[in-house]
Amino acid sequence: MSITIKTGPEIDAMRRACRLASEVLDTIAPHIRPGITTLEIDRIGAECMARQGTKSATIGYQPAGYPPYPASLCTSVNHVVCHGIPNDKPLKKGDIVNVDVTVITDDGWYGDSSRMYLIGECSVAAKRLCALTYEAMWIGILQVRPGARLGDIGHAIQKFAEGHYLTVVREFCGHGIGQNFHEEPQVLHYGRPGTLEELKPGMIFTIEPMLNAGKRDIKELGNDGWTIITKDRSLSAQWEHTVLVTPTGYEVLTLSEGYPALPDFVKATCT
């Protein structure tokens with residue numbers, strides 16, 4: 001599959017899809033506290049999608065070799081790297097959880113974003129991991145401009161993460177998105193500058209680094225076919241934005257009023 005360059009009307013459709021995905025995360029945020037279950041978070045997200053007129057891209061999603069995914073959201077707690085399935089275990093103070101949402105609009109466009117949430121007062125290590133992973137995502141986003149290469153994004157994220165003694169999960173990556181959940185290109189969160197595909201205006205893809213506090217090695221948990229954990233049971237964090245390459249740089253399509261404040265180094269580039 002080749003990389004799809006979106007036209008003006010298609011970009012507008014993606015802006016809407018991504019706004020709606022962010023709205024789901026904004027709706028969920030006030031409810032995430034000690035005692036809530038990830039199954040309840042999933043229910044709140046599904047109800048928000050129903051009000052929007054969108055539907056979940058994950059429920060029933062079944063790539064080759066996988067069982068159908070059974071929930072409207074992915075909820076990955078503590079050492080779960082990604083694709084955590086919502087369950088009835090209450091979250092407790094000190095947990096961290098990633099909530100990953102992908103909506104499909106009534107006209108068939110996909111919006112994709114994820115955020116980390118701290119449950120009550122967390123350890124210094126947990127807060128540090130979540131904050132640095134957030135910064136790593138933005139370090140990658142700042143590389144996006146026409147003429148840059150996908151390898152520039154991965155290299156910047158890897159250099160930043162490893163400079164703070166975190167490790168980058170390599171088995172999962174960002175991806176193109178549009179009228180399909182996953183399109184070309186694959187967006188690695190490690191690599192060498194000046195390599196891979198050249199960025200061109202109209203390209204839309206996700207940047208979604210998964211960083212571990214321990215080693216980068218991962219494994220599947222149990223036999224549900226989806227849940228991925230760190231092999232050493234160290235904490236893992238992930239943030240995700242959907243990004244458009246513009247003629248002069250980038251536009252983050254999944255920003256919203258409820259999104260955490262931009263890092264100072266990002267604000268400095270906007271002035």
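Before anything else, a word on terms: a residue is called buried when its relative accessible area is under 20%, exposed when that area is over 50%, and partly exposed in between. With that in place, please keep in mind that what we are looking at is a predicted model.

Let me start with the cysteines. A search of the whole structure finds zero disulfides. Cys-48, to take one residue, is in no disulfide, and the nearest cysteine sulfur, which belongs to Cys-18, is 15 Å away. Because its relative accessible area is 2%, which is under 20%, Cys-48 counts as buried. Cys-74 is likewise in no disulfide, its nearest cysteine sulfur being that of Cys-82 at 7.9 Å. With a relative accessibility of 7%, Cys-74 is buried as well.

Now to the helices, beginning with α1, which covers residues 8-28. At 1.5 Å a residue, the 21 residues of α1 should span 30 Å, and since its end C-alpha atoms are 31 Å apart, the expectation and the model agree. Several residues of α1 are buried, among them Ile-11, Met-14, Cys-18, Ser-22 and Leu-25. Those buried residues of α1 pack against helix α2, which is residues 38-52, and against the strands β4, β5, β9 and β14.

Ser-22 deserves a moment of its own. How accessible is Ser-22? Its relative accessibility is 0%, so Ser-22 counts as buried. If we leave aside its neighbours within four places in sequence, Ser-22 is in contact with Arg-115, Thr-254, Leu-255 and Ser-256.

Helix α3 has 18 residues and reaches 26 Å from its first C-alpha to its last, close to the 26 Å expected at 1.5 Å a residue. Its buried residues include Leu-129, Cys-130, Tyr-134, Met-137, Trp-138 and Ile-141.

Helix α4, residues 150-163, gives a similar check on length: its 14 residues should span 20 Å at 1.5 Å a residue, and its end C-alpha atoms are 20 Å apart, which agrees. This helix is mostly covered, with 10 of its 14 residues buried. Among the buried ones are Leu-150, Asp-152, Ile-153, Gln-158 and Phe-160. What do the buried residues of α4 pack against? They pack against helix α3, at residues 124-141, and against the strands β6, β8, β9 and β10.

Moving just past the end of α4, we come to Tyr-165, which takes a positive phi of about 60°. Tyr-165 is found in the loop between α4 and β6, and with a relative accessibility of 72% this residue counts as exposed. His-83 also has a positive phi, near 65°, in a residue other than glycine, and His-83 lies in the loop between β3 and β4.

One further point about the backbone concerns Pro-185, whose place is in strand β8. The peptide bond that leads from Glu-184 to Pro-185 is cis, with omega near 5°.

Next, the pockets. About 580 Å³ of space lies in the largest pocket. Of the 29 residues that line the largest pocket, the closest to its centre are His-83, Phe-172, Cys-173, His-175 and His-182, so named here that you may find them on the structure. The elements that give two or more residues to this lining are β2, β4, β7 and β8. By class, the lining of the largest pocket has 12 nonpolar, 10 polar and seven charged residues.

The second largest pocket has a volume of about 340 Å³. Its lining has 18 residues, and the closest to its centre are Thr-75, Val-77, Val-80, Asn-87 and Lys-89. By class, that lining holds six nonpolar, seven polar and five charged residues.

Finally, I would like to point to Glu-171, whose place is in the loop between β6 and β7. Is Glu-171 buried, exposed or partly exposed? Its relative accessible area is 46%, which means that Glu-171 is partly exposed. The C-alpha atoms of Glu-171 and Asp-217 are separated by 9.1 Å, although the two residues stand 46 residues apart along the chain. Neighbours within four places in sequence left aside, Glu-171 is in contact with Arg-216 and Ile-218.

Terms used. Residues numbered from 1 in each chain as written. Predicted model: local features only at pLDDT ≥ 70, side-chain atom pairs only at ≥ 80, totals over all residues. Heavy atoms only, no water. Helix = DSSP H or I, 4+ residues; strand = E, 2+ residues; numbered from the N terminus. Expected span 1.5 Å × (residues − 1). Buried < 20%, exposed > 50% of the residue type's maximum accessible area, 1.4 Å probe, protein only. Contact = heavy atoms within 4.5 Å. 1 Å grid on protein atoms, 1.4 Å probe; cavity = no way out; pocket = protein on both sides within 12 Å on 5 of 7 lines; lining within 4 Å. Points joined across faces, edges and corners; volume = space filled by probe spheres on them. Nonpolar A, V, L, I, M, F, W, Y, C, P; charged D, E, K, R; others polar. Disulfide = S-S within 2.5 Å.
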